[in-house]
Amino acid sequence: MKSVRNEMKVSSSLNQNEIDEIISFFNTLENPSHFNNPYWSEIVEPYKKALYVRFYEGNELSGVTTVFIRNSFCIIHFPVFVNRESLPEYIEQIAMYLKKQKFGLLTVQLHPETGIDYLTILSKKAALKNKITFDKVGWTTIVIKVGGKTLDDIFKTFSKGHKSAIKKAIKEGITTQLISNKKHLEEFSKIYDTMHHRKGLILPLPDSKSAFNKITDLDLAKIVGVFINNELAGGIVILVKKNKLLYKFGATDVKYHALPVHHLTIYKMIQYAID
């Protein structure tokens, strides 16, 4: 494999020009990862410290990733590089930097469809022994390809139970709409927090109200509200990139758990992607 000549920059914070450079870089890519968007770092990993890593080749930004650190353990989610074949050398540089800084194991979470066996390539490097692992799970549960399909085509692929749930939601008068006003965002935040507290879970968003407002103010994603009799019953947060949608967060008011709230919401988002 051809050696990559590059410059690696690592920082614990970014100025606005550096953030703008990264966002512009993402806009040129087909599949940028929001985990490496500086605006998302405190939302996706609020309990970890972020290190922002940028690679340059010929003064041009060629790769971006955020290393999230807790105690001495580090994780990278879906590193973004112009040339995927360069990933082993980039990851090696990151791992060696973290080693010099006395950090522990580095986990690299890759897209499940990544075809190259990076683990085999990097495991041959003695300096990285027991310093790096790879993971392809935990990013999404299902991928629905909507290109060239109608909403009816997608609906026909659903299970009988999902079809019935969507029909029931429509019959019950459940509606959906994009929400952005402060009142609805605060209501959604309360529903989100209450749902997690009721289940005894650690809040993925320790300050969901602030996070939802930031997502809306910076247009980082779309927040879809679910309404029953004009009352907000829940919602989901969807990232939109060209014709791709990614479900990120969701919550339902406990008093409406008997109704198929999110079945209809996700169905409507599929319609949004097709349209």
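**Cores and the Pro204 loop**

The largest nonpolar core holds 39 residues, and those with the most contacts inside it are Trp40, Ile43, Phe188, Phe212, Ile215, Ile223 and Val237; a nonpolar core is a set of buried Ala, Val, Leu, Ile, Met, Phe, Trp, Tyr and Cys residues joined through side-chain atoms within 4.5 Å. Helix H7 gives the most to this core, with 5 residues, and apart from the core lies another of 20 residues, among them Val67, Phe81, Tyr90 and Phe103. This is a predicted model, in which local features need pLDDT of at least 70 and side-chain atom pairs count only at pLDDT 80 or more, while totals for chains, interfaces and linings use all residues. Residues are numbered from 1 along each chain as its sequence is written, and side-chain values use heavy atoms, with hydrogens and water left out.

**Whole chain**
- The secondary structure of the protein chain comes to 9 helices and 11 strands, taken as DSSP runs (helices H or I, at least four residues; strands E, at least two) numbered from the N terminus.
- Of the 275 residues in the protein chain, 44% are buried, where buried means under 20% relative accessible area, exposed over 50% and partly exposed in between (1.4 Å probe, protein chains only).

**Pro204 and Ile43**
- Pro204 lies in the loop between helix H7 (182-198) and helix H8 (208-217), and is partly exposed, with a relative accessible area of 34%.
- Leaving aside neighbours within four places in sequence, Pro204 is in contact (heavy atoms within 4.5 Å) with Ile43, Pro46, Tyr47, Tyr192 and His196.
- Not counting residues up to four places away in sequence, Ile43 touches Pro204, Leu205, Ala211, Lys214, Ile215, Leu220 and Phe249.
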